[in-house]
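Subject: Structure for you to look at

Hello,

Here is the structure I said I would pass on. My notes on it follow below.

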Amino acid sequence: MLIGSQEGLGHLLLAAADHGDGICMTDVAYPSYFGAVQVAGLNPIYMPLSPEDHLPDFDRIDINQIRETKAKIMLLNYPNNPTSATADEAFFSKAIAFCKAHGLLLIHDAPYVDLTFESDHAVSPLSLSGGMDCCIELFSFAKSYHIAGFRLGFALGNKEAIAALESVKAPIDFNQYLGIQRMGITCLGLPRERVRRDAMVWKERALAMTTALKERAGWNVEMPRSCMYLWAKLPDNLSTSDLEFCVKLVENHGVAISPGGNFGPGGKGYVRFALVQPVDRLIEAAARIGSLCRELVRMKETEV
């Protein structure tokens, strides 16, 4: 049991690796990953994401760097924040094979496992051959059951990794309040249709926002297959950084989105839209984004 999966990840990195060891992680990731890696004193070995499916290519990982840094961990997160990408069984089978071949613990952070659009749930590497040999998976109640502030999650998987995590947690934190634990048990007993209905809300919003961005901003953004985010490369004709774009958008048009650079070195030039407003407000936001895009294009033309 975890006091939220974010806490679980931080403690797990301390438990599974020594200061100075390497960790294989994607170059676009949830921002807290980078902080947890730094606190644990680990050296990141970045795995670039493919621009097509937002998955890393294990064949491109520098094996010498794994050896030199004495890497102990690979960290993955699918369905993914910020890209909303999903990973299939073939991908996770390759990840398991790679980790077993190089003595890595596969940590899979899976808070969005229930928020897939076309299937009942996302793939878990623990369900695949060899998964229990080298993998530990973290789950959070925050996304599936909307209880983020109550800080509740759990870890499943390889027994040695679970034991190591327990050995770090035991002297540092107590278990979560029993009433909150009972809340989590109740959540897990809810009808599956309840969770799937929420996933369809995110799908509806994603479709509305991608359509509105195309119609009102001339911005073609890929329709995701999961999660509550859109991940988009800035249009080439804007000639601005992701940070500058986001600052101008919130200051001049009242719309807040996240600059891709906040999500790691591979995120520069991208932005993340969080679909946390109803459809009508998302459409209005897309119209305001379109206004900024046109302003930036006119400024570029004036400079020329």
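Tyr 229 stands opposite Ala 274 in β9. Please note that the model is predicted. The two residues belong to a pairing in which β7 and β9 run antiparallel, joined by five bridges. On β9 there is also a link to strand β8, residues 258-259, again antiparallel, with two bridges. In that pairing, Ser 258 is found opposite Arg 272 of β9. Put together, the three strands make an open sheet with antiparallel pairing, in the order β7-β9-β8. Its edge strands, β7 and β8, each pair on one side only. Strand β9 covers residues 270-274 and is mostly covered, with four of its five residues buried.

A second pairing involves β5 and β6. Strand β5, residues 135-140, runs antiparallel to β6, and five bridges join them. Here Glu 137 faces Leu 156 of β6 across the pairing. In a regular strand, side chains alternate between the two faces of the sheet. Which residues of β6 are on its covered face, and which on the uncovered one? Gly 153, Ala 155 and Gly 157 form the covered face, while Phe 154 and Leu 156 form the uncovered one.

For the chain as a whole, there are eleven helices and nine strands. A compact globule of 304 residues would have a radius of gyration near 19 Å, and the protein chain agrees with this because its own value is 20 Å. The C-alpha trace spans about 60 × 50 × 35 Å along its principal axes. Of the 304 residues, 52% are buried. If we take contacts between residues at least 6 apart in sequence, 71% of them join residues at least 24 apart. The exposed area of the protein chain is about 14600 Å², and carbon and sulfur atoms supply 53% of it. On charge, the chain carries 29 positive and 35 negative side chains, and the centres of the two sets are 4 Å apart.

Helix α2 is worth a look on screen. It runs over residues 31-39, and its buried residues are Ser 32, Tyr 33, Phe 34, Ala 36 and Val 37. Those buried residues pack against α1 (5-16) and against four strands: β1 (22-26), β2 (43-47), β3 (73-76) and β4 (105-109). Just after α2 comes Gly 41, with a positive phi of about 75 degrees.

Next, the backbone. Most residues other than glycine have a negative phi, and most peptide bonds are trans. Where does this model depart from that pattern? Two residues that are not glycine have a positive phi: His 146, at about 60 degrees, and Cys 227, at about 70 degrees. His 146 is in the loop between α6 (141-145) and β6 (153-157). Cys 227 is in the loop between α9 (192-217) and β7 (229-233).

Are these two residues buried or exposed? His 146 has 45% relative accessibility, so it counts as partly exposed. Cys 227 has 0% relative accessibility, and therefore counts as buried.

There are also cis peptide bonds to report. One joins Tyr 78 and Pro 79, with omega at about -5 degrees. Another joins Asn 81 and Pro 82, where omega is about 25 degrees. Pro 79 sits in the loop between β3 and α4 (89-102), and Pro 82 is likewise placed in the loop between β3 and α4.

If you want places to start, try the loop between β3 and α4 with Pro 79, the buried residues of α2, and the sheet in the order β7-β9-β8.

Regards

Note on methods:
Residues numbered from 1 in each chain as written. Predicted model: local features only at pLDDT ≥ 70, side-chain atom pairs only at ≥ 80, totals over all residues. Heavy atoms only, no water. Rg over C-alpha atoms; globule rule 2.2 N^0.38 Å. Buried < 20%, exposed > 50% of the residue type's maximum accessible area, 1.4 Å probe, protein only. Contact = heavy atoms within 4.5 Å. Areas by Shrake-Rupley, 256 points an atom, 1.4 Å probe, with all protein chains shown as cover. Lys, Arg positive; Asp, Glu negative; His and termini not counted. Charge placed at Lys NZ, Arg CZ, Asp CG, Glu CD. Pairing = 2+ DSSP bridges.
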